[in-house]
Amino acid sequence: MESPGVEKHPSSYQDYRFPLSNIYRTIAEQELHESDEIREQALNQVREWIVKNPAIRRCRTDGSFLLRFLRVRKFNHVAACENLERYLVLRQRFAGWFQKLDVSEAWMDEMIDDWPILPLGYDERGRLVIMIKMGNFNVERFNNVDQIRLMMMVLESYYEEEKMQVAGCVFVFEDTGLTMSHVAQWSLTDIKNFIDAVNHTIPMRIKEVHAVNLPRYAVAVAELCLGFATSKLKARVHCHRSMDSLTKMVAQSILPKEYGGEVPLGEFKKQLRERLTESRDIILGLDQMEVDQSKYGLFGKDAGSSVNDAVDTGDTFGVVGSFRKLNVD
């Protein structure tokens, strides 16, 4: 797949046509207030804002990319622009999370084989279901930054398909095998930075979060994570003592065959490897986007973070105010 251009003011913009089935069109209309007219107007407003924003040097302006921010903000174009700006700044400030995400690197084969993060496909409501098994992370080989890098690579590949943009996603944390070594990889600063990014910057509609077989010693860490989450996200978290409890809310058929589903783990791994390979150029192409970081003030380096770049733990990463100074109708 060819990577879209990042010129902030191209000579023309490609026309956008809704590419999904009527099921997703209905979800878009009912949940996101999306229509052909509203979408076209909002895209024009965001593109005009990008052109006028002096801090943005290069940015994708294709419909599929911009709509991930408009949809997560239900077509409030002011909020979508703020979200996009935070995303662009975050990509540079936390480069270790977002940049040089290359599926062809050797570590990716090992990570996919271990399957700590595994997309399972779309459920009957059109939502992407992702299983996370942190106990499968090789703590001798990888750290929490590698975990985030794999997650971002998976999310970026699914954004392009747009189904997740519209219907959202469901996370299933299967915590069998989780040890203190896995938990200890995350400092308090790491947890806060990542939850802040989920709350305010990473454009995904989290519909449900399920935790299964969470060890007692990890409960305190889970509660700490929830303490940083928004009230809306907290209300969507469900804990289960067993897989039987989980399957009352998540269809068993979508789970791997090893968990009573229909498709074996090996096939899910193969599908993920193929998807990431197909999306490689697009994901790496995101690194071409750039903002002038000097426009966003000073960010102190936090020694408590695993990311080697300067970080800011404020909810908005210091960028919201710049939007309102621009004239966008």
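A helix here is a DSSP run of H or I with at least four residues, numbered from the N terminus. With that in hand, helix α11 gives the most to the lining of the largest pocket, with 7 residues. Keep in mind throughout that this is a predicted model.

**Stop 1: the largest pocket**

Start with the pocket itself. Its volume is about 950 Å³. There are 34 residues in its lining, and those closest to the centre are Met134, Phe173, Ile195, Val209 and Cys225. Select these five residues to find the middle of the pocket.

Now colour the elements around it. Those that give two or more residues to the lining are α7 (144-159), β4 (169-174), α10 (188-200), β5 (206-212), α11 (216-228) and β6 (237-240). Which class fills most of the lining? Count by class: 31 residues are nonpolar, 1 is polar and 2 are charged.

**Stop 2: His210 in β5**

Stay with β5 and select His210, which sits in this strand. Is His210 buried or exposed? The relative accessible area of His210 is 0%, so it counts as buried. Next, show the side chain of Glu208. A polar contact of 2.7 Å links it to the side chain of His210.

**Stop 3: strand β3 and its neighbours**

Select residues 128-132, which form strand β3. Of its 5 residues, 5 are buried. Look at one side of the strand: Leu128, Ile130 and Ile132 are buried there. Turn to the other side: Val129 and Met131 are buried too. Both faces of β3 are therefore covered.

β3 has a partner in β4. The two strands run parallel and are joined by 5 bridges. To see one of the pairs, select Ile132 of β3 and Phe173, its bridge partner in β4. You have met Phe173 before, among the residues closest to the centre of the largest pocket.

β3 also pairs with β2, residues 117-122. Here again 5 bridges join the strands, but β2 and β3 run antiparallel. Select Gly121 in β2; it stands opposite Val129 in β3. Of the 6 residues in β2, 5 are buried.

Follow the chain from β2 to β3. This is a hairpin with 5 residues between the strands. Stop at Gly126, where phi is positive, near 85 degrees.

**Stop 4: helix α2**

Select residues 36-52, helix α2. How far apart are its end C-alpha atoms? They are 25 Å apart, while 17 residues at 1.5 Å a residue should span 24 Å, which agrees.

Show the buried residues of this helix: Arg39, Ala42, Leu43, Gln45, Val46, Arg47, Trp49 and Ile50. As you look, remember that an α-helix has 3.6 residues a turn, so residues three or four places apart point the same way.

Then pick Asp36, also in α2. Its relative accessibility is 48%, so it counts as partly exposed. The side chain of Asp36 makes a polar contact of 2.4 Å with that of Arg39. Add Tyr16 to the selection: Asp36 and Tyr16 are 20 residues apart in sequence, and their C-alpha atoms are 9.4 Å apart in space.

**Stop 5: the cavity**

Finish with the enclosed space. The count comes to 1 cavity of 30 Å³ or more. The largest cavity holds about 40 Å³ of space. Select Leu88, Arg91, Gln92, Gln99, Leu286, Asp287, Met289 and Glu290 to show its lining. Which helix gives the largest share of this lining? Helix α4, residues 77-93, does so with 3 residues. By class, the cavity lining has 3 nonpolar, 2 polar and 3 charged residues.

Methods. Residues are numbered from 1 along each chain as its sequence is written. This is a predicted model: local features need pLDDT of at least 70, side-chain atom pairs count only at pLDDT 80 or more; totals for chains, interfaces and linings use all residues. Side-chain values use heavy atoms; hydrogens and water are left out. Buried means under 20% relative accessible area, exposed over 50%, partly exposed in between (1.4 Å probe, protein chains only). Two strands pair if DSSP finds at least two bridges between them. A polar contact is a pair of N or O atoms within 3.5 Å; within protein, one must be able to donate a hydrogen and the other to accept it, and residues adjacent in sequence count only if both atoms are side-chain atoms. The expected span of a helix is 1.5 Å times one less than its number of residues. On a 1 Å grid over the protein atoms alone, a cavity is a set of points where a 1.4 Å probe fits but cannot get out, and a pocket is an open set with protein on both sides within 12 Å along at least five of seven lines; lining residues have an atom within 4 Å of a point. Grid points are joined across faces, edges and corners, and a volume is the space filled by probe spheres set on the points. Ala, Val, Leu, Ile, Met, Phe, Trp, Tyr, Cys and Pro count as nonpolar, Asp, Glu, Lys and Arg as charged, and the others, Gly among them, as polar.
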